[in-house]
Each structure stands twice: as C-alpha cells, then as structure tokens.
Amino acid sequence: MARLRAQPEMPAPASVHAPLIAAAEMAGLAAQASLLATLPLREVHGHHAGDWASCWLGRGLDFEESRPYSPGDDIRDMDWRTTARTGRPHLKIYREERQPMVHLVVDRGATMRFGTRRRLKVAQAARLAAVLAFAAAGRNGVIGATLWNAQDETLPARHGRLAALALIEAAAAPCPPLTDPAQTDALQHVDRLAALEASLPRGARLVLISDFAWLTDAHETQLARLAARFDVWAIQIVDAAERALPAMGAACFHDMASGQRVWLDTAQTAVRSAVRTAFAGHLAAQADRLARAGVRHQQVDSEVDDLVALFVYG
C-alpha cells in the first residue's frame with residue numbers, strides 16, 4: 001500500500017514545487033523542540049562538555065582508562081599496547097560524550113511522496129527532522145544528515161542553530177512525484193546502510209526516518225551491524241489510507257516505485273479487508289526484521305501534528 005496512489009493523474013499543482021514545511025509551521029516546530037528541551041530527559045544541562053555522561057548514547061569516543069579483559073567483552077575495544085606491555089589482555093574504556101552526535105537519515109524516495117491526510121509522508125519526515133535538529137541545536141549537540149533521494153546528499157555534522165536550519169531546509173525542499181520511478185530501483189539500500197557504517201563515528205545516534213517500504217530480509221545483516229556500533233532508532237511513517245483503504249469505487253492504483261498499475265474495486269468490503277490485512281502483515285514483518293537486527297522501532301502517522309510525545313516516550 002505504501003507504493004500506491006489513485007488514478008487518473010491530474011496535472012501537478014504548483015504546491016508540489018513549494019517547500020514541504022511553510023514558515024509559519026516552522027515556528028511551531030521550533031516551539032515543539034523548545035518544549036522538548038524543557039522536559040526531564042535524564043540529561044544534565046548547564047555544565048561544561050564532558051562533565052556528565054549522556055543518556056542519548058551508549059558509548060562516546062573519549063578514552064578514559066584501560067582495564068583487564070573479562071570473558072564476553074567486545075574484543076574490538078582491545079588495548080593492544082597495554083596487552084603487549086603487561087602480558088595480560090586489556091580493554092579500552094570510553095567515556096560517554098556530553099555533546100552527542102546525531103545523524104538523521106531522511107528518506108525522500110518514491111514511496112514517501114504519497115499522502116492522503118494533511119501531508120505527504122516525506123513532509124512528516126521533514127517535520128520530524130526539524131524537531132530533532134532544533135532540539136540538538138538547543139543542547140549544543142552535533143548533528144548531520146543524509147537525504148536518500150534520486151541523488152543522495154550528505155550534510156556534514158556541525159554545531160549550532162545555523163547548521164540545524166541548513167539541514168531543515170534540505171529536508172524540507174520541494175518533493176514532487178518522480179517522473180522516472182525506476183530510478184529508485186537502482187539505489188541499493190544495502191550500500192546506503194554500509195556507507196553509514198563506514199562514515200559515522202562509533203557511538204553516534206542514528207535516526208532512520210522512512211516508511212521502510214524498501215526493507216527486506218536482505219537488509220537485516222547490515223542493520224544489525226549498524227545497531228552494534230550506533231544507537232539506531234527507526235521512525236516509520238504510515239499514511240491512514242495504507243492502514244484502511246477508503247471506499248472509492250473502481251480505481252486504478254499506480255505503484256510509485258515500479259510504475260506498474262493495478263485496478264481495484266474498493267467498493268467491495270472484501271477487497272478493502274484483504275488490503276488492510278495484507279498491510280498489517282507487511283507492518284508486522286517490517287517490525288520483526290528491525291527487532292531481529294536490534295533496532296529500536298516506532299511508527300508515526302503522517303497526519304500527526306504534535307511530535308513531542310513521540311520523542312519523549314519513544
């Protein structure tokens with residue numbers, strides 16, 4: 001269902017070439033991020049960098065000490081110099097960072113350019129990215145991003161509000177329907193995930209914002225590798241029409257990823273029930289894949305306006 005849109009197609013309105021987030025809405029998202037910063041997130045503010053361990057990350061990059069190896073420890077942290085000097089295996093211990101690095105992945109692929117309630121899924125992804133970016137800037141954190149698009153774009157990690165605004169501007173850039181959906185098929189998500197593993201510092205927080213329509217069993221291994229190195233959070237965006245297809249009579253649907261078309265008689269209860277059951281199974285399979293990979297997973301509907309609760313309780 002994430003790939004479908006009803007036919008016939010109408011000429012694209014001028015709004016498809018407008019930014020995904022209007023200026024007035026941007027102010028509201030900044031207010032949500034400010035509210036988020038005032039909530040008790042178990043993080044201590046008002047100290048110099050390095051004074052306190054951050055609850056955002058598992059392990060930072062600052063070396064603290066060496067200690068003797070214990071069975072079950074990760075040998076990737078072996079302190080080889082101390083081991084060679086003492087003749088006993090030792091591990092390096094790292095202190096958690098006060099200024100965590102957060103890296104956002106915003107999916108702007110074909111299936112994200114779909115929406116039936118208030119906004120496109122890709123617009124909700126941009127809103128989520130905006131709140132996270134503003135919140136990170138408010139905590140003097142370091143934030144970067146990767147935009148999955150027909151041509152992927154990576155924004156280097158930087159401090160400050162100006163960096164957050166540049167990230168938000170890129171995530172909220174106009175996102176009209178792709179004229180050549182086949183170009184998305186050539187993009188290999190395994191390679192994309194591998195590129196994240198190779199480019200991010202160990203211990204970073206990685207937030208994947210997508211509908212995960214691309215997710216298959218083939219991605220589990222690479223996701224597990226990411227989860228072993230980073231704090232990975234998958235935020236899955238779902239449209240209401242995907243959960244329950246509305247009764248529209250006979251309609252032709254267009255697969256936004258492959259370009260294929262299929263006719264469905266949505267007036268039939270059995271058809272809508274079958275689609276609803278199939279999509280529920282699809283969501284369950286995606287959740288199972290992410291859980292097996294050790295990735296924290298949360299769903300958010302595309303029409304949700306208040307995003308604070310998502311970050312507080314997610």
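Two strands count as paired when DSSP finds at least two bridges between them; strands (E, at least two residues) and helices (H or I, at least four) are DSSP runs numbered from the N terminus. With that in hand, meet this predicted model, where local features need pLDDT of at least 70, side-chain atom pairs count only at pLDDT 80 or more, and totals for chains, interfaces and linings use all residues. Residues are numbered from 1 along each chain as its sequence is written, and side-chain values use heavy atoms, without hydrogens and water.

**The sheet**
- An open, mixed sheet is built from six strands in the order 6-5-4-7-8-11.
- Strand 6 (153–159) and strand 11 (296–301) are its edges, each pairing on one side only.
- Strand 4 (residues 101–107) runs parallel to strand 5 (residues 142–148) over seven bridges, and D107 has W148 as its bridge partner in strand 5.

**Helix 3**
- Helix 3 (residues 121–138) has 18 residues, and 17 of them are buried (under 20% relative accessible area, 1.4 Å probe, protein chains only).
- Just after helix 3, N140 takes a positive phi of about 60°.

**The cores**
- The largest nonpolar core (buried Ala, Val, Leu, Ile, Met, Phe, Trp, Tyr and Cys joined through side-chain atoms within 4.5 Å) has 46 residues.
- Helix 3 gives the most to this core, with 14 residues.
- L128 is among the residues with the most contacts inside this core; leaving aside neighbours within four places in sequence, L128 is in contact (heavy atoms within 4.5 Å) with residues including I209, I235, V300 and F311.

How values were computed:
The expected span of a helix is 1.5 Å times one less than its number of residues. Buried means under 20% relative accessible area, exposed over 50%, partly exposed in between (1.4 Å probe, protein chains only).
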